[in-house]
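Let's take a friendly walk through a protein model, from the overall layout down to single residues. Have the 3D view open as you read.

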Amino acid sequence: MPFLYENRQIVTPGDLLAEGDFLAGFNTYRHDEKIFASRLGLVELGGKKIDVVALNTFYIPSVGDLVIGKIVEVNLHGWTVDINSPYPAFLRTPEALNRPFRPQQDELSEFLSVGDMILAKVISFDRTRDPNLTIHEQDLGKIRFGQIVRVSPAKIPRIIGRKGSMIGMLKKETRCNIIVGQNGLVYVSSRNREDEKIAILAIKKIEEEAHTSGLTERVTDMIGKERGEVTQ
Amino acid sequence: MTNKIVLVNEEGIRTDGRKITDLRPIKLEVGILGNADGSAYIEQGKNKILAAVYGPREAHPRHLALPDKALLRCRYHMAPFSVEERKSPAPSRREIELSKVIRESLEPAIFLEKFPRTSIDIFIEVLQADGGTRCAGITVASLALADAGIPMRDLIVACAAGKVGDQIVVDLNDVEDKEGEADVPVAYMPSFDAISLLQMDGQLTTEEFQQAVTLALDGCKKIHALQKEALKAKYQSIKEAAEVSEEE
């Protein structure tokens, strides 16, 4: 039996997608010889692999991911960080300071305190332990200015686009620095507040219409229109 | 019983004008609450039920978290104004039992083992009750779970059948539930043809029971089609609107 749907059709959990010689990709699972969808999303068949691009998900950490998080607690040996995930992340002192930590003298909240937003990378995570973060890398660390938008983590690939086409266009058209956290938080900064506002509107539009086609053009048009209104 | 109400007349018409194999009119909506991770609403006859799902999220209190899978919690609750006589808002014996029964009927559909140490919380709020609320509650909770993006093996759909006025009928309403002879709620996973909840209240012969289960499963299949439609509708409308603006 062949593939039962057309590409980019909406499927619901439990829908039988294909039977026989196929591979179960994202958001699908295999039961006997059959492949079913496990999430609400759009089906995509690439070669022998069937994926469902989910319409709504939550963030599950993965090693190497760039994330944006908020410090929620300062502990003895590091910081607890909310990374918009079911699992709270931890930033240990050696991953944040560039010198040995002296528990007697150092006050951790002087480096990062509750409420601070950070750009970080996930360095470890498995199903038995909570994720650990690092800010020991170029451009990582505390976020001091700009704005942060929250979107569904399912829409992150769409904001980036194929080979970064969408994000490239966004950066160029809005003249903003945009950093996309894999956990659904997007950092936008520019010297011009109006540019930031337009970039945020564009990101919200992408989130809303992520499952439609011809989106890049529509977003470019929208930015152009917004621009026109601003300069008038 | 001297002056018993006629629940099914000679033409096979029930108190609300339905035939014995007719479901009540159903309206389903997905994603109607802004603060929950997933939500859904059902109107089935006079039933009005809201479901909200949170999670997976950190399990609190911590000691309840399971090391190998997510903790599934479910609260079925009837609003004080959901029935004719004011119901105390405190969870009754019946509501606690239904919470457990609903949780256990949804459990096999969810990939709980994918999210160890977290919890998934389901809240089912009955705003107006008219019989068959556990079934409608399961149907709507499964939609809210799918809306929250929680991976599931299948949607769960539930429907009841029972014996009313010596006839086996589907989707009992409040009067039929209270005055009828028996009630058989069934929860069902359509893609696997598997039953995840089967209860019976009252007395039926083996044949009648089998007939009731068959009728309930037919009802489930009809509701399942509506469920899928409701899930797709949320995104289909945006898609169409975007494509229309494209053509302009």
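Let's begin with the parts list of one chain. Chain B contains four helices and 10 strands. Reading from the N terminus, their order is β-β-β-β-α-β-α-β-β-α-β-β-β-α. Keep in mind that this is a predicted model.

**The overall form of chain B**

How does the radius of gyration of chain B agree with that of a compact globule? For 248 residues, a compact globule would have a value near 18 Å, and chain B has 19 Å, so the two agree. Along its principal axes, the C-alpha trace of chain B spans about 55 × 55 × 40 Å. Of its 248 residues, 46% count as buried. Look also at how the chain meets itself: among contacts in chain B with a separation of 6 or more, 69% are between residues 24 or more positions apart.

**A helix with a buried face**

Now find helix α1 of chain B, residues 93-106. At 1.5 Å a residue, its 14 residues should span 20 Å, and the end C-alpha atoms are indeed 20 Å apart, so the expectation and the model agree.

Which residues of α1(B) are buried? They are Leu98(B), Ser99(B), Ile102(B), Ser105(B) and Leu106(B). Viewed down the helix axis, the buried residues of α1(B) fall within an arc of 135 degrees, which means that they line one face of the helix. The face turned away from that buried side carries the exposed residues Arg93(B) and Lys100(B). As for what the buried residues of α1(B) pack against, the partners are β4 (71-78), β5 (118-128), α2, β8 (182-189) and β9 (194-198) of chain B.

**A buried alanine**

Next, look for Ala158(B), which sits in strand β6 (residues 157-164) of chain B. Is Ala158(B) buried or exposed? A residue counts as buried if 20 or more other C-beta atoms lie within 10 Å of its own. Ala158(B) has 28 other C-beta atoms within 10 Å, so it is buried. Leaving aside neighbours within four places in sequence, Ala158(B) is in contact with several residues, including Cys135(B), Ile138(B), Pro185(B), Leu197(B) and Cys220(B). By way of distance, the C-alpha atoms of Ala158(B) and Asp174(B) are separated by 17 Å, with the two residues 16 apart along the chain.

**Paired strands in chain A**

Turn now to the other chain. Strand β1 (residues 10-11) of chain A pairs with strand β6 (residues 41-46) of chain A in the antiparallel sense, over two bridges. Within this pairing, Val11(A) has Gly41(A) in β6(A) as its bridge partner. β6(A) also runs antiparallel to strand β7 (residues 49-54) of chain A, and six bridges join them. Here Glu44(A) stands opposite Asp51(A) in β7(A). The hairpin of β6(A) and β7(A) has two residues between the strands, and Gly47(A) in this hairpin takes a positive phi near 65 degrees.

**Backbone angles worth a look**

Most residues other than glycine have a negative phi, and most peptide bonds are trans. The table gathers some exceptions.

| Place | Feature | Angle |
|---|---|---|
| Gly55(B) to Pro56(B) | cis peptide bond | omega near 0 degrees |
| His60(B) to Pro61(B) | cis peptide bond | omega near -10 degrees |
| Asn84(A) | positive phi | phi near 60 degrees |
| Asp166(B) | positive phi | phi near 65 degrees |

Pro56(B) is found in strand β3 of chain B, while Pro61(B) is in the loop between β3 and β4 of chain B. Asn84(A) belongs to the loop between β9 (78-82) and β10 (89-92) of chain A. With 18 other C-beta atoms within 10 Å, Asn84(A) is partly exposed. Asp166(B) lies in the loop between β6 and β7 (167-170) of chain B. Asp166(B) is exposed, with 10 other C-beta atoms within 10 Å.

**Where the chains meet**

Finally, how many residues of chain B are in contact with chain A? There are 30 of them, and they touch 25 residues of chain A. The elements giving two or more residues to this side of chain B are β3 (47-58), α2 (133-147) and α4 (206-247) of chain B. The largest share, 10 residues, comes from α4(B). By type, the residues on this side of chain B divide into 15 nonpolar, five polar and 10 charged.

How values were computed. Residues numbered from 1 in each chain as written. Chains lettered and ligands numbered in written order. Predicted model: local features only at pLDDT ≥ 70, side-chain atom pairs only at ≥ 80, totals over all residues. Contact = placed C-beta atoms within 7 Å. Nonpolar A, V, L, I, M, F, W, Y, C, P; charged D, E, K, R; others polar. Rg over C-alpha atoms; globule rule 2.2 N^0.38 Å. Buried ≥ 20, exposed ≤ 12 C-beta atoms within 10 Å, placed from the backbone. Expected span 1.5 Å × (residues − 1). Arc of directions from axis to C-beta. Pairing = 2+ DSSP bridges.
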